[in-house]
Every structure is written in C-alpha cells, then in structure tokens.
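Here are my notes on the model, point by point. Please read them with the coordinates open.

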Amino acid sequence: TTLNLKVFCDELITSIQFSDDQNHSIVLNYQLPDDSLEMDDNLLRHILINLISNALKYSPSASEVRLEVSDFNGMVRFRISDRGIGIPESEQNRLFTAFNRCSNVGKIPGTGLGLAIVKRCVDLYKGEIQIESKVGIGTKVTVLLPIQQ
Ligand code: ATP
Ligand code: MG
C-alpha cells in the first residue's frame, strides 16, 4: 500500500495516547524526506502498537516515550525509546520467545506474546530488530524495514 507514513504515525500515536491512562507524552520525531511510501500498513501497525505499548507499560506515568522515524541505507528506521524499568542484561537473549517475561516486571500484567509477534512481523517484512536496554535507565528498540519500490 502507498501510505503517508507521517500521517500514519501521527494517527497511531493519537489513538494509543487516547487509551493511555497514565499521562505519558508520546513524541514523534519524523525525519524522512518524503511522507509517501510503499509499506505494508498492517504489519507495520502490529509492530508499532506492540512496541509503543511496551514502552508505555514498562515506564513510569507521565514519562516520555519517543518514536523516531528516519532513513537508514534506503530502509526506514523506527526507534522506540522509553525511560522505564529496563531489561536485565542476562534476559535480553530470550525476548522474542513466546510467553517469556522478565524477572523485574513486578505486578505489571502481560502474557509475554507481544515481542514474539513483533519478531514474526519483522521477519515477514524481511526487516531487522534490535533491543538495547539498561535496568533503571530505559529501553530502545530499533526496527529496520525495507521500502518496496
Ligand atoms: P503482552 O503479550 O501483553 O505484550 P508482555 O508485554 O509481557 O505481554 P512482550 O511484549 O513480549 O510481553 O515482552 C516480553 C517481556 O519483555 C516483558 O514481559 C518485559 O519483561 C520485557 N519488556 C518488553 N518491552 C519492555 C520495555 N520497553 N521495558 C522493559 N521491559 C520490557
Ligand atoms: Mg508487550
């Protein structure tokens, strides 16, 4: 689908923000030269909703969650970052395993399926995903997706 990516991201953030009861600010930093791109909006929606939802869920209320969209070697780079609880280093290698939850989630609810789904979607897209995180500092997820010509 040809998609106005900036409008797509704006609308997605508005709808996620609407259902967030914790008063986070979700900031979009859109740095692509053009807005009109050939992308699979369905896969992209799954990926971004899951990642932004995690960023909100695992960070304190009223903190900032960022979505950066930029160009990287002809691919689109999405970067979702939060200042939340972070992920223990020794547990970072099993994040894409279904039903996996990290030891520091406390009472925050979840099924452990979101990232497994995201990984499937990124693979279907022939993209890449990378997660960097420090406990008590925050988490940064980078997704690279090719643009269809
Ligand atoms: P759900 O199926 O509802 O998404 P979930 O959020 O627990 O449940 P995943 O999204 O797959 O499942 O995430 C797996 C685990 O990775 C989480 O339980 C949490 O421990 C950790 N995690 C994921 N994203 C973050 C984040 N942004 N900050 C801190 N921990 C995270
Ligand atoms: Mg999740």
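1. Two strands are taken to pair if DSSP finds at least two bridges between them. Helices (H or I, at least four residues) and strands (E, at least two) are DSSP runs, numbered from the N terminus. By these criteria β6 and β7 (residues 138–146) are antiparallel partners, joined over 7 bridges.

2. On conventions: this is a predicted model, in which local features need pLDDT of at least 70 and side-chain atom pairs count only at pLDDT 80 or more, while totals for chains, interfaces and linings use all residues. Residues are numbered from 1 along each chain as its sequence is written, and chains are lettered from A and ligands numbered from 1 in the order in which they are written.

3. Within the β6–β7 pairing, Gln130 faces Thr142 of β7, and Ser133 has Thr139 as its bridge partner. The hairpin leaves 3 residues between the strands, and Gly136 there has a positive phi near 80 degrees.

4. The sheet is open and has 5 strands, ordered β2-β4-β5-β7-β6, with mixed pairing. β2 (25–30) and β6 (128–134) are the edge strands; each has a single partner, so one side of each lacks a neighbour in the sheet. From one strand to the next the twist averages 15 degrees.

5. Helix α1 (residues 5–19) lies across β2 and β4 (64–72), at about 175 degrees to β2. Axes here are lines fitted to C-alpha atoms, for helices over the stretch in contact, and angles run from 0 to 180 degrees between N-to-C directions.

6. A nonpolar core is a set of buried Ala, Val, Leu, Ile, Met, Phe, Trp, Tyr and Cys residues joined through C-beta atoms within 7 Å; buried means that 20 or more other C-beta atoms, placed from the backbone, lie within 10 Å of the residue's own. The largest such core has 23 residues, of which Ile47, Leu51, Ile52, Ala55 and Ile80 touch the most other members. Two or more residues come from each of α1, α2, β4, β5 (75–82), α3 and β7, and α2 gives the largest share, 7 residues.

7. Which residues does Ile52 contact, neighbours within four places in sequence aside? They are Ile16, Ile26, Val65, Leu67 and Ile80, with contact meaning C-beta atoms, placed from the backbone, within 7 Å.

8. Around ligand 1 there are 21 residues, with Tyr58, Cys102, Gly110, Gly114 and Leu115 nearest; near means a C-beta atom, placed from the backbone, within 6 Å. α2 (41–57) and α3 (114–124) each supply at least two residues of this shell, and α3 gives the largest share, 3 residues.

Technical notes: Contact = placed C-beta atoms within 7 Å. Buried ≥ 20, exposed ≤ 12 C-beta atoms within 10 Å, placed from the backbone.
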